[in-house]
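Visitor: Could you take me through one part of this model up close? I'd like to look at the place where the two chains meet.

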Amino acid sequence: MNNHDQQDNEEYYKIARGPWYQWVLWAVWLFLEIIFLQAAVASSKELEPRAAIVFWLLFGVFALGGITVWIIRRERLI
Amino acid sequence: MEDKGNKSLSRRDFLRIAGLSASSIAAGKLSSNSSPMTSVEVAKSHTAGNLRPWWVQTVDEPTTEINWDGMQRYDARMTARGQGFANYIGQAEADRLTEIANQVKKQRLDNNVPGYTLKDQAINAAQSAYTFGSRSFLGPQNVETPMERGVPSWTGTAEEAAQILRAAMRHFGAATVGFVELNKNTRKLIYSYDPDGKEIVFENVDEAYETDGKRVIPDKAKWVIVYTVQMSSESLKRAPTVIAEQTTRLAYGRALDIQIKTQEFIRGLGYQCLGEASSNSLGISPAFAVMVGLGELARHNRLITPEFGPMVRVFKMITDLRVQPDKPIDAGIMKFCKHCKKCAEACPASALSFDDEPSWDIQGDWNNSGHKAYFEDSIKCKTFQRENAATNCGICFAVCPFAKKNKVWIHDWVKTGIATFPFLDGVIRSMDDAFSYGAQKDPEKWWQLDLPEYGIDTEQTTNDE
């Protein structure tokens, strides 16, 4: 096997490092999720059903949004 | 007075502060009247001797402007409460309205209207059955004094006196307790006449006494004890029904119990304690509460506290036990009321002010002049209570954005936002509507609730270390 053949068989992976602010955005997302979840659960304990529904909706929308973004970004990398 | 426990931080507080810090960073720099939170030591503070969040700041002057020179001692018979209502509309009209109220209650009882059913009216009536003891200016005077025990009276610093009084009264059931010294200004907040027509006078005597015509406060009794008693917000959010009204009656009953026990406790220490001879007597409750920093005066011309919003009743006593006075507070409540107006919008009697700014001009003789406030039309209020609600209403309390429980962390941050970012007040009011806070709840479902003792959260002002 000569050098040329060896180079043909090698695979190259390009490792893309995400920008620093990506982690800040994920931290903000996680923080908001925790807040919405706490508010949703605690609103039920406060006997405020409409507030609980609104917070559950916010939690769900943010969760779906975060998961969607994560999947899209993951597929772009593969 | 600072205690060691006040400087440590619980996990719950840490999470709250963590969220708050993040919110603050996101929102930009703090406004000039705010306290930047640089360390956990300032996470909680003692205002009015009560454990308070850092954003409740003590101030030298209350957020209600006062013109002491323009203020006179007020005659309690001039209020529109109770029998005083007849002074403004005439006895015949008052009797007619009372009869209407009774008929409305009876009709709603017959028709099984939720909130006015037999069980609702039965519990409301039961709340007026005070079994604890009889109310009086001088107190029961049954417990042994130090002299009778053969020992000297209790002695301690003013701070120690305030501390033990606060501990005792909280144990008796008070939510928050504050103290103010009676001087030439604050004496004007003591009624000139009690609702029963007895004159309240100050005399240079050793012991308080009472005659057929007057109640005498010794000059040396210079300290007013002011305390709040929580009402059940879950009950009051059924306003205006009798199931909502009963929590008010319960608060008055508990306050009487606290008064009697405090009078006897102070007697046991070797001092005098003078109480309310009848409901809402002795002095102007919200005014004293503002002076000791238990809360701020609000648009409905009542007290709003940082902890419980308007869901409290306020009471006071006078003692010759020297206690450390407290200062007024600024938690942004009065400023928020300028923009909010939710109580005024919700008031079915249109009795509350829509003015943007508080005024020096009173609405009628049922208001005391000398301070700048949103004065209410008590006649419209009381007439509605009799003609339509057949209860003491309380809608203005129920809809208030400060009438929140404390389980959701965001509530604390919203209160912080109100105190530090007044430009957010409009948004906060809109969010309060969007989340449907303040909406009237089903009176019938109250009977299925599993509420804690007295329907209140007794841990809101405790240090949860």
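Guide: Buried area here is the accessible area, taken with a 1.4 Å probe, that two parts lose on being put together, summed over both. Keep in mind that this is a predicted model. By that yardstick, chain A and chain B bury about 1,500 Å² between them, and 68% of that is on carbon and sulfur atoms. In terms of residues, 15 from chain A are in contact with 20 from chain B.

Now for the polar side of things. Between the two chains there are 8 residue pairs in polar contact, counting pairs with both residues at pLDDT 80 or more. The salt bridge count between chain A and chain B is 1. That salt bridge pairs A:Glu48 with B:Lys441, and their closest N and O atoms sit 3.7 Å apart.

So much for the pairs; here's what chain A brings along. Helix H2 (20-45) and helix H3 (49-77) of chain A each supply at least two residues of the side that touches chain B. H2(A) gives the most to that side, with 8 residues. Sort the residues on this side of chain A by type and you get 9 nonpolar, 4 charged and 2 polar.

If you let your eye wander away from the contact between chains, have a look at the largest nonpolar core, which has 57 residues. Among its members that touch the most others are B:Leu165 and B:Met169. Helix H8 of chain B, residues 242-269, gives the most to this core, with 7 residues.

Terms used: Residues numbered from 1 in each chain as written. Chains lettered and ligands numbered in written order. Predicted model: local features only at pLDDT ≥ 70, side-chain atom pairs only at ≥ 80, totals over all residues. Heavy atoms only, no water. Contact = heavy atoms within 4.5 Å. Salt bridge = Lys/Arg side-chain N within 4 Å of Asp/Glu carboxyl O. Polar contact = N/O pair within 3.5 Å; in protein donor to acceptor, adjacent residues only side chain to side chain. Helix = DSSP H or I, 4+ residues; strand = E, 2+ residues; numbered from the N terminus. Nonpolar A, V, L, I, M, F, W, Y, C, P; charged D, E, K, R; others polar. Core = buried A, V, L, I, M, F, W, Y, C linked by side-chain atoms within 4.5 Å. Buried < 20%, exposed > 50% of the residue type's maximum accessible area, 1.4 Å probe, protein only.
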